[in-house]
Amino acid sequence: MVKRTQLAERLEHVKQRIADACAKARRDAREVTLIAVTKTAAPEQIREIIQLGVGDLGESRVQVLTQRAAQVNEFFQRKSAFGEAGLPAHLRWHMIGRLQRNKVKPILPLVSLIHSVDSLRLAEEIDEQAQRIERRIGVLLQINPVEGPGGGERGGVAVGAAIHLAEQIDSMPHLQLTGLMAMAPIVADAEQARPYFARAREVFEEMKWHKIGGAHLRHLSMGMSGDFEAAIAEGATMVRIGTLLFGEAKEPI
Ligand SMILES: *Cc1c(COP(=O)(O)O)cnc(C)c1O
C-alpha cells in the first residue's frame with residue numbers, strides 16, 4: 001500500500017472535521033467548499049493538493065497570487081490534458097486579502113472570486129477594469145463583524161454600512177455580488193468566535209431580505225484554521241484554511 005503523505009493526511013483530517021461540523025449543524029457537507037489558502041504553502045505542496053482533488057485555492061497577496069496562478073494553472077492544464085485521475089474539475093483562485101485599487105488590474109484575469117471588497121472605490125475600480133476585459137467578476141462584500149475599537153485592522157466595512165454598500169455593488173454591471181466574507185478576531189477557543197459569525201449571518205439574511213444579489217447571493221465565506229467549525233455552525237459555505245493543511249510559514253511573509 002502507498003504511504004500517504006503528510007499533506008494527504010492533513011487534508012483528510014480537515015475534510016473529516018468539516019463533515020463532522022456539518023453533521024452537528026444538520027447541514028449537508030456539500031454546501032461547504034474548502035478553500036486551501038496557499039499563504040504558507042511551498043509550490044510543490046500546491047501542486048500536490050491539486051492532485052489530491054482540491055480545486056479552490058486562496059491567496060492574500062497580489063504578487064504571489066499572480067506568480068503562483070501562472071505556474072499552477074499551467075501545471076493543471078498539462079495534467080488535465082493527460083487525463084490524470086483525481087484532479088478537480090476546475091481550478092479556481094480566490095483573492096482573500098486586502099486589495100489596493102492599483103493592484104486590481106493584474107489579478108482580474110486570474111481570479112474567480114474576490115472575497116475582500118470593502119469600499120465603494122475598490123468596487124468601482126474592479127467594475128471598471130472588468131469592463132475592459134469584458135468579464136463579470138464574482139465578488140463578496142467583506143464586512144467587519146467586530147464592532148468598536150480594535151476591530152479595524154483586518155479590513156471589512158462596518159456592519160452598519162454593509163447593506164448600503166451591498167446595494168451599490170449590486171448595481172454595478174461588471175460585478176456579480178454572491179455573498180459576504182467575514183473574519184472573527186483571533187480567539188483562544190473557537191466557540192468565542194461564534195457571535196461574530198452569527199453577526200455576519202444576520203447581515204447576510206438582511207441582504208437576502210432586501211433581495212440584494214438575487215439568486216446569486218449564496219456565499220458566506222468565513223472560518224479559518226482556528227475557528228472554521230464555529231463558522232460552519234453559523235452557516236459558512238466557504239472555509240479558508242491555510243496552516244492546518246500546509247503548516248506554519250516556511251519563510252517570513
Ligand atoms: C491567511 C488567511 C486565511 C487562512 O488562515 P489560517 O489560519 O492559516 O487557516 C484565511 N483567510 C484570510 C483572509 C487569510 O489572510
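Biologist: Why is the crossing of α2 and α3 called right-handed?
Modeller: A crossing is left-handed if the near helix is turned anticlockwise from the far one by less than a right angle, and right-handed if clockwise. For α2 and α3 the turn is clockwise, so the crossing is right-handed. One heads-up: this is a predicted model, where local features need pLDDT of at least 70 and side-chain atom pairs count only at pLDDT 80 or more, while totals for chains, interfaces and linings use all residues. Residues are numbered from 1 along each chain as its sequence is written, and side-chain values use heavy atoms, leaving out hydrogens and water.

Biologist: What makes α2 and α3 oblique to each other?
Modeller: Their axes cross at roughly 40 degrees and come within 11 Å. Axes are lines fitted to C-alpha atoms (for helices, over the stretch in contact), and angles run from 0 to 180 degrees between N-to-C directions. Under 35 degrees counts as roughly parallel, over 145 as roughly antiparallel, 65 to 115 as roughly perpendicular and the rest as oblique. Roughly 40 degrees falls in "the rest", so α2 and α3 are oblique.

Biologist: Which residues make that contact?
Modeller: From α2 (residues 43–51), they are Pro43, Ile46, Arg47, Ile50 and Gln51. From α3 (residues 62–81), they are Arg68, Val72, Phe75, Phe76 and Lys79. Contact here means heavy atoms within 4.5 Å. By class, the α2–α3 contact has six nonpolar, one polar and three charged residues. The classes go like this: Ala, Val, Leu, Ile, Met, Phe, Trp, Tyr, Cys and Pro are nonpolar, Asp, Glu, Lys and Arg are charged, and the others, Gly among them, are polar.

Biologist: How do you know that α1 is oblique to α2?
Modeller: Helix α1 (residues 6–24) packs against α2 at an angle of about 55 degrees, with the axes 10 Å apart. That angle makes α1 oblique to α2. The crossing of α1 and α2 is right-handed. Leu7, Ala8 and Leu11 in α1 meet Gln45, Glu48 and Ile49 in α2. Those residues divide into four nonpolar, one polar and one charged.

Biologist: Why is α6 described as roughly parallel to α7?
Modeller: The axes of α6 (residues 159–170) and α7 cross at roughly 30 degrees and come within 10 Å. Set that angle against the cut-off and α6 comes out roughly parallel to α7. α6 passes α7 in a right-handed crossing. On the α6 side, Val159, Ala162, Ile163 and Ala166 make the contact; on the α7 side, Arg199, Val203, Glu206 and Met207 do. Six of the residues in the α6–α7 contact are nonpolar, none polar and two charged.

Biologist: How do you decide what's a helix or a strand in the first place?
Modeller: Both are DSSP runs, numbered from the N terminus: helices are H or I with at least four residues, strands are E with at least two. Strand β8, for instance, spans residues 219–221, and Ser221 sits in that strand.

Biologist: What makes Ser221 buried?
Modeller: Buried means under 20% relative accessible area, exposed over 50%, and partly exposed in between (1.4 Å probe, protein chains only). Ser221 has 0%, so Ser221 is buried. Leaving aside residues up to four places away in sequence, Ser221 touches His115, Leu140, Leu180, Met181, Ala182, Met238 and Arg240.

Biologist: How do you know that Ser221 and His115 are joined by a polar contact?
Modeller: You look for a pair of N or O atoms within 3.5 Å; within protein, one must be able to donate a hydrogen and the other to accept it, and residues adjacent in sequence count only if both atoms are side-chain atoms. The side chains of Ser221 and His115 are joined at 2.9 Å, and a polar contact of 2.9 Å also joins the side chains of Ser221 and Arg240.

Biologist: Is Glu234 buried or exposed?
Modeller: Glu234 has 11% relative accessible area, so Glu234 counts as buried. Glu234 lies in the loop between α8 (228–233) and β9 (238–241).

Biologist: And why is Lys15 called partly exposed?
Modeller: Lys15, in helix α1, has 38% relative accessibility, which means partly exposed.

Biologist: What makes phi of Arg26 worth a look?
Modeller: Most residues other than glycine have a negative phi. Phi of Arg26 is near 55 degrees, a positive value. Arg26 is in the loop between α1 and β1 (33–37), and at 79% Arg26 is exposed. Lys211 also has a positive phi, near 60 degrees, and at 67% Lys211 is exposed.
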